[in-house]
Amino acid sequence: MEGFWTLGVLLLSCLLLPNPVSSQTSPNPDQHPAEPEEVPFKHQAVRATQEQKDSGAQEVLPPRPHCVRCCEPPEHRFYPRYQPQINMTILKVGRKKPLHSNDYYQTLIFDTEFVNLYDHFNMFTGKFYCYVPGIYYFSLNVHTWNQKETYLHIMRNGAEVVILYAQVSDRSIMQSQSVMLELREQDEVWVRLYKGERENAVFSDEYDTYITFSGHLIKYSGDP
């Protein structure tokens, strides 16, 4: 009997002891605590959903317009360059001596050379010889003589082209004449005093140059 009493006391003590599980607050059946491993998965799902929304919004937006130049940038533009061809014949000659002539035609000879590029003007014959065909400009300047007639021609080969003329006067003056000529190779240009009834003369002296003859090539015949 004493043993049964002891066993009953022990059983009663066990029943009276508080239950650690039952002492805790019972969870709400409607709430399910999130497991630690589920939280990252939820964040990843939310992020994936947001990325899908963002990508969908980008697809809906119209594409950005591209800037297209209507012409090439300035550094790439093509500007044709003009390459001038310097193949000019230039001459400038003068005479310091006066000249009288009324008996025959006489070529005006020059004794002073200012410019004679390539020596196309012959100082001994008084003639310009064309080696480069093209269009040339010539100019003649003289000083008349008091009481004398001044009568000259600019000649091309054997034909008169233009005249320089001054009537007899008590006053001497400067006279000039110019002309453009299209010359072929081996053509000759020169100045000739005309033979007339009156004394034909041009004035100059050894101190100053009163008589000049000049010319230059304007356009080479081979240019387009």
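**Notebook: Phe213, its core and a surface patch**

I began with the accessibility of two phenylalanines in this predicted model, and found that Phe121 and Phe213 are both buried.

Next I searched the whole structure for aromatic pairs, which gave 12 of them. One of these is formed by Phe121 and Phe213, and I noted it as tilted, with 6.2 Å centre to centre and 55° between the planes. I recorded both values because a pair of aromatic rings is described by the distance of the centres and the angle of the planes. The angle falls in the tilted class because planes count as stacked only under 30 degrees and as edge-to-face only over 60. When I placed the two rings on the chain, Phe121 turned out to lie in strand E5 (residues 121-122) and Phe213 in strand E13, 92 residues apart, so that the pair links distant parts of the chain.

I then asked which residues belong with these two in one aromatic cluster. The cluster is made up of Phe110, Phe121, Phe128, Tyr136, Phe138 and Phe213.

For Phe213 I also listed the residues it touches, leaving out those up to four places away in sequence. Among them are the aromatic residues Phe110, Phe121 and Phe138, together with Leu91, Val93, Leu140, Val189 and Val191, and the list also includes Lys92 and Ser139.

I turned to the largest nonpolar core, which has 28 residues, and where Phe128, Phe138 and Phe213 are those with the most contacts inside it. At least two residues of this core come from each of several strands, including E1 (90-95), E7 (134-143), E10 (174-183) and E13 (211-220). Strand E7 gives the most, with 4 residues. As background I noted that, in soluble globular proteins, nonpolar side chains tend to be buried together.

I looked at the surface as well, where Ile90, Phe114, Val115, Leu117 and Tyr118 make a nonpolar patch of about 450 Å². Within this patch I checked Phe114, which lies in strand E4 (residues 112-116). Is Phe114 buried or exposed? Phe114 counts as partly exposed, because its relative accessibility is 46%, and that class lies between the 20% limit for buried and the 50% limit for exposed.

Last, I took down the totals. The protein has 3 helices and 13 strands, and 26% of its 224 residues count as buried. Its accessible surface comes to about 17000 Å², with 55% of this belonging to carbon and sulfur atoms. Of the contacts between residues at least 6 apart in sequence, 71% join residues at least 24 apart.

How values were computed: Residues are numbered from 1 along each chain as its sequence is written. This is a predicted model: local features need pLDDT of at least 70, side-chain atom pairs count only at pLDDT 80 or more; totals for chains, interfaces and linings use all residues. Side-chain values use heavy atoms; hydrogens and water are left out. Patches are made of residues with over 30% relative accessible area and no salt bridge: like charges are joined within 9 Å, nonpolar side chains (Val, Leu, Ile, Met, Phe, Trp, Tyr) within 5 Å. Accessible areas come from the Shrake-Rupley method with a 1.4 Å probe; for residues, only the protein chains shown count as cover. A salt bridge is a side-chain nitrogen of Lys or Arg within 4 Å of a carboxyl oxygen of Asp or Glu. Buried means under 20% relative accessible area, exposed over 50%, partly exposed in between (1.4 Å probe, protein chains only). Contact means heavy atoms within 4.5 Å. A nonpolar core is a set of buried Ala, Val, Leu, Ile, Met, Phe, Trp, Tyr and Cys residues joined through side-chain atoms within 4.5 Å. Rings of Phe, Tyr and Trp (its six-membered ring) pair if their centres lie within 6.5 Å; planes under 30 degrees apart count as stacked, over 60 as edge-to-face and the rest as tilted.
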